[in-house]
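Good morning, everyone, and thank you for coming. Please have a look at the sequence and the structure as they come up, and then I will walk you through a few places in them.

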Amino acid sequence: MSHSDCLFCRIVAGTIPADVVHDGERLLAFRDINAQAPLHVLVIPKEHIASLDAAGLASDLLGEALLLAAEIARREGVAEGGYRTVINTGDHGGQTVHHLHVHVLGGRALTWPPG
Ligand code: 5GP
Ligand code: ZN
């Protein structure tokens, strides 16, 4: 189901432009508008799922999203150096867009732990 008031559903629908790096059957990946690393891509399901907490039985979709993140990291040339995949969930997790997304960050040495 597409949510007209959801930013990422609008990107899926094409009503808000994005720098798309992968457009598949079930997943879309595009560059984050406020990149925190030389590579910062968001992998999202085309279907509206609010968060990881709401992902229910979508284990195949989640697996597909993580494997796509790895494929994008390889394609973008950051896999050898290493990269990070992050899913922020809920307020304490720092989730600001309530449509499930996997951050793919790479191209520089990332610090740990996150804030
Ligand atoms: P969250 O904080 O929910 O884990 O991540 C949301 C991400 O979406 C942020 O990194 C933010 O920069 C990104 N973002 C917010 N609005 C837009 C937009 O309109 N286009 C793109 N490409 N990214 C966005
Ligand atoms: Zn949505």
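Let me begin with a term that I will need straight away: a polar contact is a pair of N or O atoms within 3.5 Å, and within protein one of the two must be able to donate a hydrogen and the other to accept it. Please also keep in mind that what you see is a predicted model.

With that term in hand, we can go to K46, which is placed in the loop between β3 and α2. The side chain of K46 makes a polar contact with the side chain of D23, at 2.5 Å, and that value is within the 3.5 Å that the term asks for. Along the chain K46 and D23 are 23 residues apart, and their C-alpha atoms are separated by 9.4 Å. Is K46 buried, partly exposed or exposed? With a relative accessible area of 26%, K46 is partly exposed, because partly exposed covers the range between the 20% under which a residue is buried and the 50% over which a residue is exposed. If we leave out residues up to four places away in sequence, K46 touches V12, D23, G24, E25, R26, L27, L28 and H99.

The last name on that list, H99, deserves a stop of its own. H99 sits in the loop between α3, residues 90–93, and β5, and with a relative accessible area of 0% this histidine is buried. Which side chain does the side chain of H99 meet in a polar contact? The partner is the side chain of H48, at 3.3 Å. H48 itself belongs to the loop between β3 and α2, and at 16% relative accessibility H48 also counts as buried. Again leaving out residues up to four places away in sequence, the residues that H99 touches include C6, F8, C9, I44 and K46.

F8 brings me to the aromatic rings, of which the structure holds one pair. The partners are F8 and F30, and because their ring centres are 5.3 Å apart and their planes stand at 80 degrees, the pair is edge-to-face. F8 lies in helix α1, residues 7–13, and F30 in strand β2, residues 27–31, so the pair ties together parts that are 22 residues apart in sequence. Both partners are described as buried, F8 at 5% relative accessibility and F30 with a relative accessible area of 3%.

Now to the nonpolar residues, where a general remark may help: in soluble globular proteins, nonpolar side chains tend to be buried together. Here the largest nonpolar core has 19 residues, and those with the most contacts inside it are A29, V41, V43, I49, L68, I72 and V104. Each of β2, β3 (39–45), α2 (59–75) and β5 (102–106) supplies at least two residues of this core, and the largest share, six residues, comes from α2. To take one of its members, V104 touches L39, H40, V41, V43, A69, A73, Y83 and R84, not counting residues up to four places away in sequence. Apart from this core lies another, of nine residues, and among them are C6, F8, C9 and I44.

Next, the ligand. Which residues are closest to ligand 1? Ligand 1 is surrounded by 16 residues, and the closest are R31, D32, N88, T96 and H103. Looking at single atoms, a polar side-chain atom of N88 lies 2.8 Å from an oxygen atom of ligand 1, and a polar side-chain atom of H101 lies 2.9 Å from an oxygen atom of ligand 1. With I33 the backbone takes part, as a backbone N or O atom of I33 lies 3.3 Å from a nitrogen atom of ligand 1. Taken alone, ligand 1 exposes 520 Å², and the protein buries 83% of that.

Finally, two prolines. P38 lies in the loop between β2 and β3, and with a relative accessible area of 62% P38 is exposed. Its C-alpha atom and that of G107 are separated by 5.1 Å, although P38 and G107 are 69 residues apart along the chain. Leaving aside neighbours within four places in sequence, P38 is in contact with G106, G107 and R108. The other proline, P113, is found in the segment after β5, and W112 and P113 are joined by a cis peptide bond, with omega about 5 degrees.

Notes. Residues numbered from 1 in each chain as written. Chains lettered and ligands numbered in written order. Predicted model: local features only at pLDDT ≥ 70, side-chain atom pairs only at ≥ 80, totals over all residues. Heavy atoms only, no water. Phe/Tyr/Trp six-rings, centres within 6.5 Å; stacked < 30°, edge-to-face > 60°. Helix = DSSP H or I, 4+ residues; strand = E, 2+ residues; numbered from the N terminus. Buried < 20%, exposed > 50% of the residue type's maximum accessible area, 1.4 Å probe, protein only. Core = buried A, V, L, I, M, F, W, Y, C linked by side-chain atoms within 4.5 Å. Contact = heavy atoms within 4.5 Å. Near = heavy atom within 4 Å. Areas by Shrake-Rupley, 256 points an atom, 1.4 Å probe, with all protein chains shown as cover.
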